Amino acid sequence: MANTPPKLIVTLPDGEVRKYALQVDSVRMGRADDNTVVIDDPSLSAHHAVLHQMGDRYEILDLGSTNGLEFQGERIISRLLEDGDELKIGAVSLQFIDPDHPPAIESEGDAVVGVEEEGEEAAAPPPPSPPPASDVAEVTLDATPAPVAVRKTATQPRGPVQLDSEGGGFVAGVVLFLFTLLAPVVGLHVRHFQETGGNLMILDFLEARSGEMVEENATDSEGLPPENEVEDESP
């Protein structure tokens, strides 16, 4: 049984480092807010990759992202993780720490690398990369993980929008002009409404104009000869 949970160390392109203790079956990473680990970096897809538990091991799987998943400089689809594995998703670096599952010892035929053979000492494997500084805060990802903070650019507090003196003077002039133009029209409508007991001036105007047009048409028709009248052509 593992004494300590595996850890995932995330290093962003700007050098920011985050450490996560893995105590959950699945850890999804990407830019979207519904991920277990939210990484606000343009090189990542909304749902970029996922770590899921397989027994007492973790496997990382690419979720069809645009910039993919890389291990040792090669693009891969998935990998069963070992202690010290270093990977990249987009421009973000990942390091997996799991002392309970060290990398397998490579062999060449029957000779194990790192063991003396025929009086010659084989080259020792390179030491694992040192972990980031220990003062980096560690976030535990459990069955109910706490939301991971998303980096945001600091913004100045917003205040009321103010117009400069030139813009304010122009707006005031436009408002005054419209008021001067519309005030007499509004006044006439109000006066007509009061004098007629609630009639609208525009409707009364249209009604009066319609009556005038009817009268004009009637006057014009009176001056025309009857349609059935035939002019006498007899000598």
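## A walk through the predicted model

Buried residues account for 23% of the 235 residues in the protein. Keep in mind that this is a predicted model. Its secondary structure comes to 2 helices and 14 strands. The accessible surface adds up to about 17,200 Å², and carbon and sulfur atoms own 56% of that. As for how the chain folds back on itself, take the contacts between residues at least 6 apart in sequence: 41% of these join residues at least 24 apart.

Let's start close to the N terminus, with a hairpin. Strand β1 (residues 7-11) pairs with β2 in the antiparallel sense, over 5 bridges. Between the two strands of this hairpin sit 5 residues, and Gly15 in the turn has a positive phi of about 95 degrees. To see the register, look at Ile9: its bridge partner in β2 is Lys19. Strands of a sheet pair through backbone hydrogen bonds, and they can do so in a parallel or an antiparallel way.

Now stay with β2 for a moment. Is this strand enclosed or open? Of its 6 residues, 5 are buried, so β2 is largely enclosed by the rest of the structure. Ala21 is a good example to click on: it belongs to β2, which spans residues 17-22, and its relative accessibility is 2%, so Ala21 counts as buried. From Ala21 to Ile9 you count 12 residues along the sequence, while their C-alpha atoms are 8.9 Å apart in space.

There's a salt bridge to look at here too. Glu16 pairs up with Arg18, their closest N and O atoms being 3.3 Å apart. Which of the two partners is buried? That would be Arg18. With a relative accessible area of 8%, Arg18 falls under the 20% cut-off for buried, whereas Glu16 is partly exposed at 27%.

Moving along the chain, you come to an open sheet of 5 strands, ordered β4-β3-β5-β6-β9, with mixed pairing. Its edge strands are β4 (37-38) and β9 (78-80), each of which pairs on one side only. Further in, strand β3 (residues 26-30) runs antiparallel to strand β5 (residues 49-54), and 4 bridges join the two. If you want a landmark for that pairing, find Met29, which stands opposite Ala49 in β5.

Strand β6 (residues 57-62) holds Glu59, and this one deserves a pause. Glu59 is buried yet has no salt bridge. How far away is the nearest side chain of opposite charge? Arg79 is that side chain, and it is 9.7 Å away. A salt bridge needs the side-chain nitrogen and the carboxyl oxygen to be within 4 Å, so that separation doesn't qualify. Leaving out residues up to four places away in sequence, Glu59 touches Val50, Leu51, His52, Met54, Ser78, Arg79, Leu80 and Leu81.

So what does Arg79 pair with? Arg79, Glu82 and Asp85 are linked in a network of salt bridges. In the link between Asp85 and Arg79, N and O are 2.8 Å apart. For Glu82 and Arg79, the closest N and O atoms are 3.6 Å apart. Both acids are on the covered side of the cut-off: Asp85 is buried at a relative accessible area of 6%, and Glu82 is buried at 19%. Arg79 itself is partly exposed, at 22%. The count for the model comes to 4 salt bridges.

Before leaving this part of the chain, have a look at the loop between β7 (69-71) and β8 (74-76), where Gln72 lies. Gln72 has a positive phi of about 55 degrees although it isn't a glycine. Its relative accessibility is 67%, so Gln72 counts as exposed.

Finally, head for helix α1, which covers residues 165-195 and includes Leu182. Leu182 counts as partly exposed because its relative accessibility is 47%. Leu182 also belongs to a nonpolar patch on the surface, together with Phe170, Val171, Val174, Val175, Phe177, Leu178, Leu181, Val186 and Val190. What accessible area do the patch residues have together? About 940 Å².

Key: Residues numbered from 1 in each chain as written. Predicted model: local features only at pLDDT ≥ 70, side-chain atom pairs only at ≥ 80, totals over all residues. Heavy atoms only, no water. Buried < 20%, exposed > 50% of the residue type's maximum accessible area, 1.4 Å probe, protein only. Patch = residues over 30% accessible without salt bridge, like charges linked within 9 Å, V, L, I, M, F, W, Y side chains within 5 Å. Areas by Shrake-Rupley, 256 points an atom, 1.4 Å probe, with all protein chains shown as cover. Pairing = 2+ DSSP bridges. Contact = heavy atoms within 4.5 Å. Lys, Arg positive; Asp, Glu negative; His and termini not counted.
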